There are 2 protein chains.
Amino acid sequence: MVKAAADLASVEGLDSVTIGRLAEIVQMSKSGVIGQFRTKEALQLETVEMVFGDFRTRVWDTVKRFPAGLPRLLAMCEAWTEYAADPGYPGGCLMTQVTYDYDGRSGVVHERLLEGRNQWRAALRADVTTAVQAGDLPEDTDVEAVVFGLESLASFITPALLLHGDDRAADHAYQGMRRIIGVTEEER
Amino acid sequence: MVKAAADLASVEGLDSVTIGRLAEIVQMSKSGVIGQFRTKEALQLETVEMVFGDFRTRVWDTVKRFPAGLPRLLAMCEAWTEYAADPGYPGGCLMTQVTYDYDGRSGVVHERLLEGRNQWRAALRADVTTAVQAGDLPEDTDVEAVVFGLESLASFITPALLLHGDDRAADHAYQGMRRIIGVTEEER
DNA sequence: TTGCATGACGGACGATCGTGCGCTTAATCT
DNA sequence: AGATTAAGCGCACGATCGTCCGTCATGCAA
C-alpha cells in the first residue's frame with residue numbers, strides 16, 4: 001500500500017498521491033484506504049518514512065562496516081550514486097523528489113524531511129572531518145562545501161536520467177564526488 | 001499575472017497553481033483568469049517561458065560578451081550561482097523547481113523543459129570544449145561529466161537555502177564548480 | 001456459542017478543481 | 001456618433017478532492 005503510494009509519488013510528487021487514485025491503484029475503496037492512515041498527511045508521512053528506511057538500508061547499512069573517514073566516505077558515494085540511479089521507484093529517487101518538493105513549504109512533511117536530511121548530513125560531515133584529521137584530506141578542506149557538493153551531485157542523478165536520458169549519470173556523479181572530495185582520479 | 005503564477009509555483013510547484021487560487025491572488029474572477037490563457041496548460045507553458053526568459057536575461061545575457069571558453073564558463077558559473085541564490089521568486093529558483101517536478105512526467109511542459117535545458121547544456125558543453133581546445137583544460141576532460149557537475153551544483157542551491165537555511169550555498173556551489181572544472185583555487 | 005474488535009465497504013457531505021456560456025462594460029476603429 | 005472588439009464578470013456544469021458515517025463480514029476471545 002505505502003509502496004504503491006511511493007511509486008506514484010516518485011513520478012508525480014507526494015501531493016499528487018490522492019486517496020482516490022491510490023484506492024484505484026490498490027483496488028480498494030477510498031474508505032478502505034483512508035481507514036488505514038486516518039488522514040492524508042499521515043499517509044504522506046508514512047511514505048516519507050519508507051523512503052528514509054530504504055535509504056538507510058540501501059546506502060547507510062552497506063557502508064557502516066567501513067572504517068570511518070575517507071574509506072567510508074568513498075564507499076558512501078558509491079552506494080549513494082548506485083541507489084540514486086536505481087532506487088526501485090518508477091519516477092526515480094523519491095528522496096530527491098520529496099526534497100525539492102517540500103524544501104520551500106512548511107508543515108510536518110517539511111519538518112520530517114529536514115530532520116532526516118540533517119541526520120545524513122551529519123554522517124557525511126563526520127566522515128569528512130575524520131578524513132581531514134587522519135591526513136587523508138588537506139587541512140583547509142571546507143567541510144560544508146564538500147557536503148554541499150556531494151548532496152548536489154547525488155541529487156542530480158534522477159533528473160539527468162529521467163529528463164535527458166543520461167545513462168552515465170551515476171558515473172558522472174561519482175566522478176564529480178571524487179573531484180569535490182579532492183582525491184586523485186582512478187578507475188572506478 | 002504570470003509573475004503571480006510563477007511566485008506561487010516556486011513555492012508549491014507548477015501544478016499547485018490553480019485557476020481559483022490564482023484568481024484569488026490577482027483579485028479577479030476565475031473566468032477572467034482563464035480568459036487570458038484559454039487553458040491551464042497554456043498558463044503553465046507561459047510560466048515556464050517566463051522562467052526561461054528570466055534565466056536568459058540574468059545569466060546568459062550577462063556573460064555572452066565574455067570570450068568563449070574558460071573565461072565565459074567561469075563567468076557563467078558566477079552569474080548562475082548568483083541567480084540561483086536570488087532568483088526573485090519567494091520559493092527559490094523556479095527553473096530548478098520545474099526541472100525536478102516534471103523530469104519524470106510526460107506532456108508539453110516536460111517537452112518544453114527538456115528543450116530549454118538542452119539549449120543551456122549545449123552552451124555549457126560548447127564552452128567546455130572550447131576551453132579544452134584552447135589548452136585551458138586538460139585534454140582528457142570528460143565534457144559530459146563536467147556539464148553534469150555544473151548543473152548539479154547550481155540545482156542544489158535552492159534546497160540548501162530553503163531547507164537548511166545555508167546562506168553560503170551560492171559560494172559552496174561556485175567553489176564546487178571550480179573543482180569540477182578543474183581550475184586552481186583562488187579567492188572569488 | 002456468543003461477544004466484540006477490526007477492516008473494508010457503499011454512500012454522502014462540502015469544497016475545490018477546470019472549463020464553458022451569456023452578459024455587461026470599456027476601449028478602439030470607421 | 002455608431003459599430004466592433006476585447007476583457008472581465010456571474011453562474012453553472014461535471015469531476016474529483018478529503019473525510020466521515022453506518023453497515024456488514026471476518027476472526028479471535030470468552
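Q: How do helix α5 and helix α8 of chain A pack, in terms of angle and distance between axes?
A: In this predicted model, helix α5 (residues 70–85) and helix α8 (residues 143–155) of chain A pack at an angle of about 25 degrees. Their axes are 9 Å apart.

Q: Why give those two values?
A: Two packed helices are described by the angle between their axes and the distance between the axes.

Q: So are α5(A) and α8(A) parallel or antiparallel, roughly speaking?
A: They are roughly parallel to each other, because angles under 35 degrees count as roughly parallel.

Q: And is their crossing left-handed or right-handed?
A: The crossing of α5(A) and α8(A) is right-handed.

Q: Which residues make the contact?
A: From α5(A), the residues are A:L73, A:C77, A:W80 and A:A84. From α8(A), they are A:L150, A:E151 and A:A154.

Q: How do these residues divide by class?
A: The contact of α5(A) with α8(A) has 6 nonpolar residues, no polar ones and 1 charged one.

Q: Stepping back, how many helices and strands does chain A have?
A: Chain A has 10 helices and 0 strands. Along the sequence, the pattern reads α-α-α-α-α-α-α-α-α-α.

Q: What box do the C-alpha atoms of chain A fill?
A: Taken along the principal axes, the box is roughly 60 × 30 × 30 Å.

Q: Now chain B. How do α5 and α10 pack there?
A: In chain B, helix α5 (residues 70–85) and helix α10 (residues 169–181) have axes 9 Å apart and pack at an angle of about 155 degrees. That angle makes α5(B) roughly antiparallel to α10(B). The crossing of α5(B) and α10(B) is right-handed.

Q: Which residues are in that contact?
A: On the side of α5(B), the contact is made by B:L70, B:L73, B:L74, B:C77, B:E78, B:W80, B:T81 and B:A85. On the side of α10(B), B:A170, B:A173, B:Y174, B:M177, B:R178 and B:I181 take part. By class, the contact of α5(B) with α10(B) has 11 nonpolar, 1 polar and 2 charged residues.

Q: And where the two chains come together, how do α10(A) and α10(B) cross?
A: The axes of helix α10 (residues 169–181) of chain A and α10(B) come within 9 Å and cross at roughly 110 degrees. That makes α10(A) roughly perpendicular to α10(B).

Q: Which residues do α10(A) and α10(B) bring to that contact?
A: Helix α10(A) brings A:G176, A:R179, A:I180 and A:I181. Helix α10(B) brings B:G176, B:R179, B:I180 and B:I181. These residues divide into 4 nonpolar, 2 polar and 2 charged.

Q: Let us turn to the DNA. Which residues come nearest to strand D?
A: Of the 13 residues around DNA strand D, the nearest are A:T18, A:I19, A:K40, B:S29 and B:S31. Sugar and phosphate account for 56% of the atoms of DNA strand D that come within 4 Å of the protein.

Q: What polar atoms of strand D lie by A:K30, A:T39 and B:S31?
A: A polar side-chain atom of A:K30 lies 3.1 Å from a base nitrogen of DNA strand D. For A:T39, a polar side-chain atom lies 3.1 Å from a phosphate oxygen of the strand. For B:S31, a polar side-chain atom lies 2.7 Å from a base oxygen.

Q: Which helices supply at least two residues of the surface near strand D?
A: They are α2 (19–25) and α3 (30–37) of chain A, together with α3 (30–37) of chain B. By class, the surface near DNA strand D has 3 nonpolar, 7 polar and 3 charged residues.

Q: How many residues surround strand C, and which are closest?
A: DNA strand C is surrounded by 14 residues, and the closest are A:S29, A:S31, B:T18, B:I19 and B:K40. Of the atoms of DNA strand C within 4 Å of the protein, 57% belong to sugar or phosphate and the rest to bases.

Q: Where are A:Q36, B:I19 and B:S31 relative to the oxygens of strand C?
A: An N or O atom in the side chain of A:Q36 is 3.0 Å from a phosphate oxygen of DNA strand C. A polar backbone atom of B:I19 is 2.8 Å from a phosphate oxygen of the strand. An N or O atom in the side chain of B:S31 is 3.5 Å from a base oxygen of DNA strand C.

Technical notes. Residues are numbered from 1 along each chain as its sequence is written. Chains are lettered from A and ligands numbered from 1 in the order in which they are written. This is a predicted model: local features need pLDDT of at least 70, side-chain atom pairs count only at pLDDT 80 or more; totals for chains, interfaces and linings use all residues. Side-chain values use heavy atoms; hydrogens and water are left out. A residue is near a molecule or strand if one of its heavy atoms lies within 4 Å of it. A polar contact is a pair of N or O atoms within 3.5 Å; within protein, one must be able to donate a hydrogen and the other to accept it, and residues adjacent in sequence count only if both atoms are side-chain atoms. Helices (H or I, at least four residues) and strands (E, at least two) are DSSP runs, numbered from the N terminus. Ala, Val, Leu, Ile, Met, Phe, Trp, Tyr, Cys and Pro count as nonpolar, Asp, Glu, Lys and Arg as charged, and the others, Gly among them, as polar. Axes are lines fitted to C-alpha atoms, for helices over the stretch in contact, and angles run from 0 to 180 degrees between N-to-C directions. Angles under 35 degrees count as roughly parallel, over 145 as roughly antiparallel, 65 to 115 as roughly perpendicular and the rest as oblique. A crossing is left-handed if the near helix is turned anticlockwise from the far one by less than a right angle, and right-handed if clockwise. Contact means heavy atoms within 4.5 Å.
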